[in-house]
Amino acid sequence: MIDAALRVGRSFGPAIGISLVSLVLAACGGGGGGGGGAGFFPIVPNNPPSSGGLPDTDPPGNPPENPPPVVPVVACADLTGKSLPASLISLPTQGATVTSATPVAATDAGNQLGDYCRVRGTIQPVDPASQLINFAVNLPEKWNQKTIHFGGGGFDGVLIDGTEVIRFGPAGKPAPLALGYATYGDDSGHQSSSITDGKFAANDEQLANYGGLSLKKTRDVAQALVFARYAMKPKHAYFLGTSTGGRDALSYIQRWPLDYDGVIANEPALNYTGTRLSNVAVGRALYGNNAAGWLSLDKTLRVQKVAMDACDKLDGAVDNIVSNVESCRQLNTQILDLLACPGGLDTAPTCLSKEQLDTVRAIEYPLDFTTYSLANGIKRAGGYNILEGTLVAGPYTSRDLGTSPTKRDANVYVTGDQWVKYFVTRIADFDPVTFNPLAPGAYTARVTEVSNLTDATNPNLAPFFDHGGRLIMLHGLADEVISNNSTIDYYKQVVATLGQAAVDKGMRFYTVPGMGHGTGVFIPNWDSLAALEGWVEGGLAPATGVAVDAVPATYGRTRPLCLFPSWPKYKGSGSLDAAVNYSCVTEVGDPLACPNLPAAVTTYKGGNSFGEELSVKIDPAAMAYTVTIDESVQDGRKGVQRSGTLVSQGRLCSYASSEAGAVFTFAAGGVLAGGVNAPVGDDFAPLLAFQNTFENAAKPAVFNPVAFEGNVVGVQQDTASMVGEVTTAAQAFAVKLRNAGTFQYCRDPVVGFVPYLASCTSPEKGYITYNATRNAFDVHTTDASGSAVTEGGVITGSMVIGLVNGNPVPVHLVRASKTNAGLRVFTPQLPLAPGAADGSYALSSVKGENHDATVAGSSFNLGGAAAILTYDTPVKGVAQADAGRPGNFIFNNGVLVFLSTATAGTNAALELGVRH
């Protein structure tokens, strides 16, 4: 053992060798201070050569190799009582002492970390009034020649003991210590039972230690202990930190860029002072002005719901995750308008007063410092995305806006309160609500001074990158504690300082939609440490990853881990829970512009649920519409025109109208779903119309391109039997539309749906002829018991055959009488495979209601009611929903029509609409 120590010691120079020999002799019971007594242990130089004095030989681009484990040359217990003089620690201290060194066996009860030496010690302060720095170092019996420094959290004060697992790491992966890493951490130089207790900052040395100096002191001591025990330096050194620990990681490489090879900074509190000023700004909004701006739990949940309803769909997937954050941000004004109480007064739990809206703005919007700067010239603190999916109340976060307007216990305010009292004013009874973050007055210089001590916003990472250092940074886009927008600002500053090429060489920045501060509706699990090691040790730069959701309710679903500024967009089909069905995209131009809007003034042809044939003219430049009733059996309706303006609903391609609340949605392939004021009552009648239709004026007419056997779902609406009211009945049939233009319906007397048979007892037969005046087909009904003919009969309605990407979607508009009027949609009677109809839908019901629907494999959700689907039931081409939302739907080229089988009056008989 002594020979080995001497050999390694010689490679680092005589001073190191002598110190090491003294330690080894002391451990053996002789020399250098006597049997087991106190002695010095050596410190590894800031930038020593690689292990054994040999250069690193790992070729770039190769995966990292795992070197054979190294065994200790010094027994664990012999480290107890050893000390390191202040002269061998880079920053001012009174030296360091090992207070205990305890062997821990893999077989010890509850230990899952293998055999290791648990070292605990202290670093003595210069200021006698300052508290000690407590440190923890863990030295495995089989060392993989790597070290990991773990950062802290909150206001620290609690010992980071280095036994933790990788934060947001893959489920089941052992802690780094169990994998052979030597690990270490500290308490930042003060002790407290709470990580939100800021009293320590009243002492200058404690504040400076918290600001980052304790990290360097602990690193020097820990690396010396590693060298002392193994007689060699680490092959690679890493730093892992989250929140305050993420700030620690960045602060370290900005100040001492040569000490670490790779760093992971999760949700870093890098603009630390900006964060605390933002905390105070929110507190002032909540508690100032006699707490007029305080938000109750119900109101906070209301804000979150309105924002989620507006923005969830913008990424293509209705999954309770807002991924397209920047598109959502464009809807701030509309969302705030939806939340506002009439007259700005606090009149109901479902709306917000003017002062409460100001609180939402204080949370959402950044703070811009126009009269002074923070460290590194920072003039801004990012806001929190409360209007883009961030949660500050409810089951997906442990933080909230407090329990009452008098307790001042909002999580977002508590740390700001402590910061003003102990970091800045150092007046324990100071009222932070009187502190103006934008104009600190007499405390302005102090705010900047504290910022220089605590912030990690220096964008010049060139010294770290130039020595081969690599940085992975990750932040949730729904972080309710540390603003992801400040992290985005910092990344942009690094790019502006170094250039994109240099940043791409040394840095990866991932943003995660739905992820809060270790909370949220999506918590990613991925192996960031393996990614970092592959990059540092093998030259394999991380690209788009796959994150597995750790939230219990949605555990196991996956999303791509996208590099900023890209975000995961649903491709439009396949499981919503599989990353393969998403693409990392970067929106350009107006991300809310509907790709399905016509380029010029366009007329759509179709009909509504009362069998009225109509034309809809859309002017995309003015976002104006005109609905013209071309044919109707209702009194006074033919020739009626309805005009209005379309207003964005904050979801792609859906617009509010003036038609009794109807929403117009433009779908791919030139399909329009919407509504028009109904002929009876105050509701709207759902409509379906097409930009392109099948037209056939030839003699003889040939219908081969659109002929098929199909299923039919429809509705019959009776406006005559009861004055002023509408009686509605759902309909289901089979149909055959033949080459000659004849048609025949078949119907099961119980369920309606039936496989088409030419020999069925038909409830209705007829043929269609083209009417060039109206650009539609007249429907001639003939004797249901007779043969198929193309002459005679009675005109009982019309048919519009929409062409969607060239595929026929026939719509039969029935106008036999006021008691027998309605709409029927056809789809081919062919197998409907699970997944074929997957997507998000905008539906309108014959009750005059707008609903969202989602189809995802066997899962169906309509208006919040969830059901399980069985496909090709009761016949091919029909999907059947179970008791969760009982009914059936047909699907034809993006058009979905749902027929309810619920108890009469429970749900609308029919809903129809289109896939976004």
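**Helix packing, a sheet and a pocket**

Q: Which residues in α5 meet which residues in α9, and what makes this a contact?
A: A281, V282, A285, L286 and N289 in α5 meet E355, T359, A362 and I363 in α9, contact meaning heavy atoms within 4.5 Å. By class, these residues are six nonpolar, two polar and one charged, where Ala, Val, Leu, Ile, Met, Phe, Trp, Tyr, Cys and Pro count as nonpolar, Asp, Glu, Lys and Arg as charged, and the others, Gly among them, as polar.
The model is predicted, with local features needing pLDDT of at least 70 and side-chain atom pairs pLDDT 80 or more, while totals for chains, interfaces and linings use all residues. Residues are numbered from 1 along each chain as its sequence is written, and side-chain values use heavy atoms, without hydrogens and water.

Q: Why are α5 and α9 called roughly antiparallel?
A: The axes of α5 (residues 272–291) and α9 (residues 354–364), lines fitted to C-alpha atoms over the stretch in contact, come within 8 Å and cross at roughly 170 degrees. Angles run from 0 to 180 degrees between N-to-C directions, and those over 145 count as roughly antiparallel, so α5 and α9 are roughly antiparallel to each other. Helices here are DSSP runs of H or I with at least four residues, and strands are runs of E with at least two, both numbered from the N terminus.

Q: How do you know that β25 and β26 pair?
A: Pairing requires at least two bridges found by DSSP, and β25 (residues 671–677) and β26 (residues 684–690) have seven, in the antiparallel sense. Within this pairing, G675 stands opposite P686 in β26.

How values were computed. Parallel < 35°, antiparallel > 145°, perpendicular 65-115°, else oblique.
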